[in-house]
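Visitor: Hey, I've got a structure to look at and no clue where to start. Can you walk me through it?

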Amino acid sequence: MARLYGSRKKILVTGGAGFLGSHLIDRLIEQGHEILCVDNLFTGTKANIDHLNGHPRFEFMRHDVTFPLYVEVDEIYNLACPASPIHYQHDPVQTIKTSVVGAINMLGLAKRLKCRIFQASTSEVYGDPIVHPQVEGYWGNVNPIGIRSCYDEGKRAAETLFMDYFRQHQLEIKIARIFNTYGPRMHLSDGRVVSNFIVQALKGTPITIFGEGQQTRSFCYVDDLVDGFIRLMESDSDITGPVNLGNPGEFSIRELAEEVLRLTGSQSEIVFKPTPEDDPMQRKPDISKAKDLLGWSPKIKLDAGLRRTVAYFQKELAEQHAI
Ligand code: NAD
Ligand code: UDP
Ligand code: UDP
């Protein structure tokens, strides 16, 4: 589709009412683009995009990506998919359909429009990794029949589809393997560890560590990640394979709990709950590829990012009179 106004693009963001999608949209709007946000509001909320209501370059469409979508755009970011284990395990069949059928529909759309398409993949494609830190060349260690498989295998199949549409139809594709990301606009009951711990600390309820808290994760602040998304999307057309995007700072869940307690000054006790099935023991991105190809590396350290996130949850909880 011909662009009417120079470098201004019409960009489709699926999952745009979610945590990452809404931040991405803010950045793209700031850059002067026109946005079509498509979301079925399964885990996303209108509150995340409320501030864009009435904006002349923003449009919201309530739609489920497992159904075909016929629109005219210049670029597609495909983020639609629940990301928190409690959410993606709530309706596993819908989760895998969202990843696989959603990818087919968005790839079909991109093929018809001959436009570039970006896939929000995940570090979960590495499963419970044996190679540490994880490099893009590692094929992973994934249980195909477990309770996390609807998400992990769905995202792996989506990557396969992206690579096949590239090889078979010469589509311009970008695949970001996103590692744990946190920040404002995570839902209060999102269920992922950073929001859980902060909300628990602020409410003074027990901090729930699953297992002994020795498992590790690497936490990236949302603003850094969005910067990586846009750099990857705008990278040279010969960059097609997956690129890890995440913060290589690695922390045990126990360390995260202690950091949240320190930053909030909370008196919450720590309680230990059973480890969820197939919970990966370690995770840390090797980001050499993102550094070399995109000149990208995260800037915001964990304590600085957590402070901003705590401030957000303080405001949210105060508005709900929950603290
Ligand atoms: P989120 O749950 O806040 O956002 C997902 C959005 O997708 C929500 O707005 C939801 O309503 C929407 N959605 C779900 N199913 C849909 C469907 N069938 N049709 C249309 N919309 C649908 O999660 P997030 O953290 O913002 O994650 C965004 C993307 O990034 C996801 O694809 C996720 O797998 C990926 N990702 C996120 C992280 C992270 O740490 N945040 C890590 C790895 C990958
Ligand atoms: N599709 C869509 N929007 C479009 C074009 C295609 O949603 O503008 C969907 C449609 O459901 C189709 C899928 O994308 O089944 C895959 O399209 P593709 O052209 O690759 O395959 P085909 O149409 O031959 O099945
Ligand atoms: N976790 C925890 N307490 C919680 C939520 C999560 O100890 O209240 C642990 C979880 O078992 C996992 C890690 O924190 O080891 C990260 O979990 P999350 O759901 O945030 O992301 P993912 O497992 O998908 O990386």
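Guide: Sure, let's go from the whole chain to one helix and then to two ligands. Keep in mind that this is a predicted model.

Visitor: Okay, how many helices and strands are in the protein chain?

Guide: The protein chain has nine helices and 13 strands.

Visitor: And what radius of gyration does the protein chain have?

Guide: It's 19 Å, which agrees with a compact globule, because 323 residues packed that way would come out near 20 Å. Along its principal axes, the C-alpha trace spans about 60 × 45 × 40 Å.

Visitor: What share of the residues is buried?

Guide: Buried residues make up 45% of the 323.

Visitor: Let's switch to helix H6. Which of its residues are buried?

Guide: Those are Val 222, Leu 225, Val 226, Gly 228, Phe 229, Leu 232 and Met 233. Looking down the axis of H6, they sit within an arc of 155°, so they line one face of the helix.

Visitor: Why would spaced-out residues point the same way?

Guide: An α-helix has 3.6 residues a turn, so residues three or four places apart point the same way.

Visitor: Cool. Now the ligands: what's around ligand 2?

Guide: Its surroundings include Pro 68, Tyr 70, Asn 105 and Arg 112. By class, that shell has five nonpolar, two polar and two charged residues.

Visitor: And how many residues surround ligand 3?

Guide: There are 14, and the closest are Arg 192, Val 193, Asn 196, Thr 208 and Phe 210.

Visitor: Which element gives the most to that shell?

Guide: Strand E8 does, with three residues. Helix H5 supplies at least two.

Technical notes: Residues numbered from 1 in each chain as written. Chains lettered and ligands numbered in written order. Predicted model: local features only at pLDDT ≥ 70, side-chain atom pairs only at ≥ 80, totals over all residues. Near = placed C-beta within 6 Å. Nonpolar A, V, L, I, M, F, W, Y, C, P; charged D, E, K, R; others polar. Helix = DSSP H or I, 4+ residues; strand = E, 2+ residues; numbered from the N terminus. Buried ≥ 20, exposed ≤ 12 C-beta atoms within 10 Å, placed from the backbone. Arc of directions from axis to C-beta. Rg over C-alpha atoms; globule rule 2.2 N^0.38 Å.
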